[in-house]
Amino acid sequence: MATWRGPDGIEIDVIVLNRSPLYRVTQKLNGRRYHLAYAHDIAGIERWVDLADLVEVLPFRARR
């Protein structure tokens, strides 16, 4: 699934909870990750972070 990171340790993940797709909003502070909210839509994410500040995290495979 997709993951986006924003300022102040905010991280947005797309998850499936009870067969419904949701956005999980978390924040990393002092080495710990705290759950802030589940959002059903983009408007729910905008309460926590400006969408223009988000950067998508792309997984890369290591080459040998």
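So, R19: you'll find R19 in the loop between β2 and β3. This is a predicted model, by the way, so please hear everything I say with that in mind. R19 has a positive phi, about 65°, and yet R19 is not a glycine. Is R19 buried or exposed? It counts as exposed, because its relative accessibility is 83% and the cut-off for exposed is over 50%.

Its neighbour in the story is N18, which also sits in the loop between β2 and β3. N18 isn't a glycine either, and its phi is positive at about 55°. With a relative accessible area of 72%, N18 is exposed. If you think of β2 and β3 as a hairpin, there are two residues between the strands.

Okay, on to the strands themselves. β2 covers residues 10-17, and β3 covers residues 20-29. They run antiparallel, and eight bridges join them. If you want a pair to click on, take I15, which stands opposite L22 in β3.

Now the other side of β2. Strand β1, residues 3-5, pairs with β2 in the antiparallel sense, over three bridges. That's a hairpin too, with four residues between the strands. In that turn, D8 has a positive phi of about 60°.

So how do the strands line up overall? What we have is an open sheet of five strands, in the order β4-β3-β2-β1-β5, and the pairing is antiparallel. The edge strands are β4, at 32-39, and β5, at 55-56, and each of those pairs on one side only. For anyone who wants the background, strands of a sheet pair through backbone hydrogen bonds, either parallel or antiparallel.

Let me stop at one residue in β2, and that's E11. Where does a glutamate like that end up, buried or exposed? E11 is buried: its relative accessible area is 10%, and buried means under 20%. Which side chain does the E11 side chain make a polar contact with? The partner is the side chain of R5, at 2.8 Å. R5 also stands opposite E11 in the strand pairing. Skipping the neighbours within four places in sequence, E11 is in contact with T3, W4, R5, R24, V25, T26 and R33.

Next door is I12. Not counting residues up to four places away in sequence, I12 touches A2, T3, W4, Y23, R24, V25, I45 and L54. I12 also belongs to the largest nonpolar core, which has seven residues. The full membership is I10, I12, V25, A39, I45, V49 and L54.

Last stop, G31. That one lies in the loop between β3 and β4. G31 is exposed, with a relative accessible area of 63%. How far apart are G31 and G9 in space? C-alpha to C-alpha they are 9.9 Å apart, with their positions 22 residues apart in sequence numbering.

That's my tour, from the β2-β3 loop through the sheet and out to G31.

Note on methods
Residues numbered from 1 in each chain as written. Predicted model: local features only at pLDDT ≥ 70, side-chain atom pairs only at ≥ 80, totals over all residues. Heavy atoms only, no water. Buried < 20%, exposed > 50% of the residue type's maximum accessible area, 1.4 Å probe, protein only. Polar contact = N/O pair within 3.5 Å; in protein donor to acceptor, adjacent residues only side chain to side chain. Contact = heavy atoms within 4.5 Å. Pairing = 2+ DSSP bridges. Core = buried A, V, L, I, M, F, W, Y, C linked by side-chain atoms within 4.5 Å.
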